[in-house]
Amino acid sequence: LGAAALVILLLWFGVLPWRKDLRGPGANGEATESVARLTASKDCTWGGTEVALIPGDGLREGRRLELAAGLAEITFDSGAQVLLEGPAALELNSAWDTTLHHGTLNAVVPAEAMGFRVASLEVEVADMGAEFNMVADRYGNTELYVVTGTVEAATRDTRAEVVPFILREKQARRFSRAGVTEIAVNAQKLARLARKGKLDRPRLPVSIVHWSF
C-alpha cells in the first residue's frame, strides 16, 4: 500500500519525466497547457502540415489551425465557443484570446466568458456577452456582424489614435486600411452567416460498474 501511494504521488506531482509530455510541446519545445478543445466537426479537411483532428482533441496555446474545408467547433477553457468555417486559419493565443488570420467564424460568448477577444489584421473585438460573426480575407479586410448582445470593437490601425466603439445587435461594420464603413444588415445576410447544420460530436464513454455478491 505504501509503494502504491508513492507511485500515485509521483504521477500526480509530475516527478516522473514523461508526464510533462501529456500536455504537448509548445513552440519552444517546452510543455504548454491546453487552452481549448475541438468539441465538434463536420466534413473537415485540415490543410498545410496540420495533423487531422477529431472531436475531443485538446488544443495548446499558440497553435494555429489550418482548416481547408468543413466546420470545426472549438470550445475555449474560458467558456467561449467558436465555429470555424473553412477555408480558414485560426490561432489560439490563450483561453481568452484568438486571432482569425482569414476565413469565417461564429463566436458565442456566455456571461462567464465576457471579455473574450477575437482579432484579425484590421480589428480587435472584445465580447461583452454576445454572438457575432467575423469574415476576414487574406489581406485583413474584415466584416463584423453582431447577431445578439454587445461587442466592443477597435481598429488596429497604428496610424491614428485608437478609440473603441460599441456595436449592438444587428449592427455591422467593415474594417480595412481605408477605414471603417457601415454595413447594411438584413435577415437574409444574417441567415447566410448562421450556424450551419448538425455537427458530429464524440460519444461519451459508458461507465459500467459490476458488483459481485
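1. Helices, taken as DSSP runs of at least four residues, and strands, taken as runs of at least two, are numbered from the N terminus, and by this naming Leu190 lies in helix H2, which covers residues 187–193. The structure discussed here is a predicted model, and the points below should be read with that in mind.

2. As an overview, the protein has 2 helices and 13 strands, and of its 213 residues, 36% are buried. The protein exposes about 12600 Å², and carbon and sulfur atoms supply 56% of that area. If one takes the contacts between residues at least 6 apart in sequence, 43% of them join residues at least 24 apart.

3. The next topic is the interior. In soluble globular proteins, nonpolar side chains tend to be buried together. Here the largest nonpolar core has 37 residues, and Ile74, Leu105 and Phe132 are those with the most contacts inside it. Several strands each supply at least two residues of this core, among them E1 (34–46), E3 (64–76), E4 (81–94), E5 (97–108) and E8 (131–136). Leu105 is a useful residue to select on screen: leaving out residues up to four places away in sequence, Leu105 touches Val82, Leu83, Leu84, Leu90, Leu100, Val118, Phe132, Asn133 and Met134.

4. Which strands pair with E5, and in which sense? E4 and E5 pair in the antiparallel sense over 10 bridges, and these two strands form a hairpin with 2 residues between them; within this pairing, the bridge partner of Leu92 is Thr98 in E5. E5 also pairs with strand E6 (residues 117–119), but in the parallel sense and over 3 bridges, with Asp97 standing opposite Arg117 in E6. In addition, 6 bridges join E5 to E8, and these two run antiparallel; here Thr104 stands opposite Val135 in E8. Because 9 of the 12 residues of E5 are buried, the strand is largely enclosed by the rest of the structure.

5. From E8 the pairing can be followed onwards to E9, since these two strands pair in the antiparallel sense over 6 bridges. Val135, which stands opposite Thr104 across the E5 pairing, has Glu143 as its bridge partner in E9. E8 and E9 form a hairpin with 5 residues between them, and Gly140, in the turn, has a positive phi of about 100°. E9 in turn pairs with E12 in the antiparallel sense over 4 bridges, and Tyr145 stands opposite Ala172 in E12.

6. Is Ser78, which lies in the loop between E3 and E4, buried or exposed? Buried means under 20% relative accessible area, and at 8% relative accessibility Ser78 therefore counts as buried. A polar atom of the Ser78 side chain lies 2.7 Å from the backbone oxygen of Ala95, and a polar atom of that side chain lies 3.5 Å from the backbone nitrogen of Ala80. Not counting residues up to four places away in sequence, Ser78 touches Ala95, Trp96, Glu112, Ala113 and Phe116.

7. The structure holds 2 aromatic pairs. One of them, formed by Phe165 and Phe175, is stacked, with 6.1 Å from centre to centre and 20° between the planes. Phe165 lies in strand E11 (residues 165–168) and Phe175 in strand E12 (residues 172–176), so the pair ties together parts that are 10 residues apart in sequence. The two rings belong to residues that fall in separate accessibility classes: Phe165, at 25% relative accessibility, counts as partly exposed, whereas Phe175, at 1%, counts as buried.

8. To return to helix H2, Leu190 is buried, with a relative accessible area of 14%. When neighbours within four places in sequence are left aside, Leu190 is in contact with Tyr145, Lys170 and Val185. Tyr145 is the residue that stands opposite Ala172 in E12, and although Leu190 and Tyr145 are 45 residues apart along the chain, their C-alpha atoms are separated by 8.0 Å.

Notes
Residues are numbered from 1 along each chain as its sequence is written. This is a predicted model: local features need pLDDT of at least 70, side-chain atom pairs count only at pLDDT 80 or more; totals for chains, interfaces and linings use all residues. Side-chain values use heavy atoms; hydrogens and water are left out. A nonpolar core is a set of buried Ala, Val, Leu, Ile, Met, Phe, Trp, Tyr and Cys residues joined through side-chain atoms within 4.5 Å. Buried means under 20% relative accessible area, exposed over 50%, partly exposed in between (1.4 Å probe, protein chains only). Contact means heavy atoms within 4.5 Å. A polar contact is a pair of N or O atoms within 3.5 Å; within protein, one must be able to donate a hydrogen and the other to accept it, and residues adjacent in sequence count only if both atoms are side-chain atoms. Accessible areas come from the Shrake-Rupley method with a 1.4 Å probe; for residues, only the protein chains shown count as cover. Rings of Phe, Tyr and Trp (its six-membered ring) pair if their centres lie within 6.5 Å; planes under 30 degrees apart count as stacked, over 60 as edge-to-face and the rest as tilted. Two strands pair if DSSP finds at least two bridges between them.
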